[in-house]
Amino acid sequence: MDDSNIEDLREIEQKVPKSERRAEILMLGKQDPHGNPEVPDPYYESGSAQFDEVLQQCVKCCEAFLDKIQK
């Protein structure tokens, strides 16, 4: 997901009344303060190395997110 995807989601969000919104739109990569805020799309790269990197980045970001909401 990149900034363009976030913009698209925010446009959709504006169609929902604020009183009915139940979630916040955030980029997964921004959950890790030491990581890259954008998670790259490994589909367009050759080989599997970037898939492994993206998986590690996603796991790290999910763990940071869970730590943040459990406090």
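These are numbered notes on the surface patches, side-chain pairs and loop contacts of a predicted model.

1. Nonpolar patch. Three residues make a nonpolar surface patch: Tyr43, Tyr44 and Phe51. Its area is about 440 Å². Tyr44 sits in the loop that runs between α1 (3-13) and α2 (49-70). Its relative accessible area is 67%, so Tyr44 is exposed. Tyr43 is also exposed, at 61%. Both tyrosines pass the patch criterion because it asks for over 30% relative accessible area.

2. Aromatic pair. How many aromatic pairs are there? The count is one. Tyr43 and Tyr44 form it, with ring centres 5.2 Å apart. Their planes stand at 90°, so the geometry is edge-to-face. The cut-off for that class is over 60 degrees. These two tyrosines also belong to the nonpolar patch with Phe51. When looking at the patch, check the ring pair of Tyr43 and Tyr44 too.

3. Negative patch. Acidic side chains form a second feature of the surface. Asp3, Glu7, Asp8, Glu11 and Glu38 make up a negative patch. Glu38 is placed in the loop between α1 and α2. Its relative accessibility is 35%, so Glu38 counts as partly exposed. That value can still qualify for a patch because the threshold is over 30%.

4. Salt bridge. The model has one salt bridge. Lys60 pairs with Asp32, and the closest N and O atoms are 3.1 Å apart. The pair ties together distant parts of the chain. Lys60 belongs to helix α2, while Asp32 belongs to the loop between α1 and α2. The two residues are 28 residues apart.

5. Cover at the bridge. Is Asp32 buried or exposed? Asp32 is buried, because its relative accessibility is 8% and the limit for that class is under 20%. Lys60 is partly exposed, at 41%. The two partners of the bridge thus fall into separate classes: buried for Asp32, partly exposed for Lys60.

6. Pro33 and Ala64. Next to consider is Pro33, in the loop between α1 and α2. Pro33 is exposed, with 69% relative accessible area. Which residue is 31 residues from Pro33 along the chain, with its C-alpha atom 8.5 Å away? That residue is Ala64.

7. Lys68 and Gln31. Lys68 is part of helix α2. At 48% relative accessibility, Lys68 is partly exposed. That class applies because the exposed class starts only over 50%. The C-alpha atom of Lys68 is 8.7 Å from that of Gln31. Along the chain, Lys68 and Gln31 are 37 residues apart.

8. Leu26 and Ile6. Leu26 is another residue of the loop between α1 and α2. Its relative accessibility of 42% makes Leu26 partly exposed. How far apart in space are Leu26 and Ile6? The C-alpha to C-alpha distance is 7.6 Å, with their positions 20 residues apart in sequence.

9. Ala23 and Glu13. Ala23 also lies in the loop between α1 and α2. Ala23 is exposed, at 62% relative accessible area. Its C-alpha atom is 9.7 Å from the C-alpha atom of Glu13. The two are 10 residues apart along the chain.

10. The loop in review. Several of the points above concern the loop between α1 and α2. Its residues include Tyr44, Glu38, Ala23, Pro33 and Leu26. Asp32 is in that loop as well, and its salt bridge partner Lys60 is in helix α2. Accessibility varies among these loop residues: Asp32 is buried at 8%, Glu38 is partly exposed at 35%, and Pro33 is exposed at 69%.

Methods. Residues numbered from 1 in each chain as written. Predicted model: local features only at pLDDT ≥ 70, side-chain atom pairs only at ≥ 80, totals over all residues. Heavy atoms only, no water. Patch = residues over 30% accessible without salt bridge, like charges linked within 9 Å, V, L, I, M, F, W, Y side chains within 5 Å. Areas by Shrake-Rupley, 256 points an atom, 1.4 Å probe, with all protein chains shown as cover. Salt bridge = Lys/Arg side-chain N within 4 Å of Asp/Glu carboxyl O. Helix = DSSP H or I, 4+ residues; strand = E, 2+ residues; numbered from the N terminus. Buried < 20%, exposed > 50% of the residue type's maximum accessible area, 1.4 Å probe, protein only. Lys, Arg positive; Asp, Glu negative; His and termini not counted. Charge placed at Lys NZ, Arg CZ, Asp CG, Glu CD. Phe/Tyr/Trp six-rings, centres within 6.5 Å; stacked < 30°, edge-to-face > 60°.
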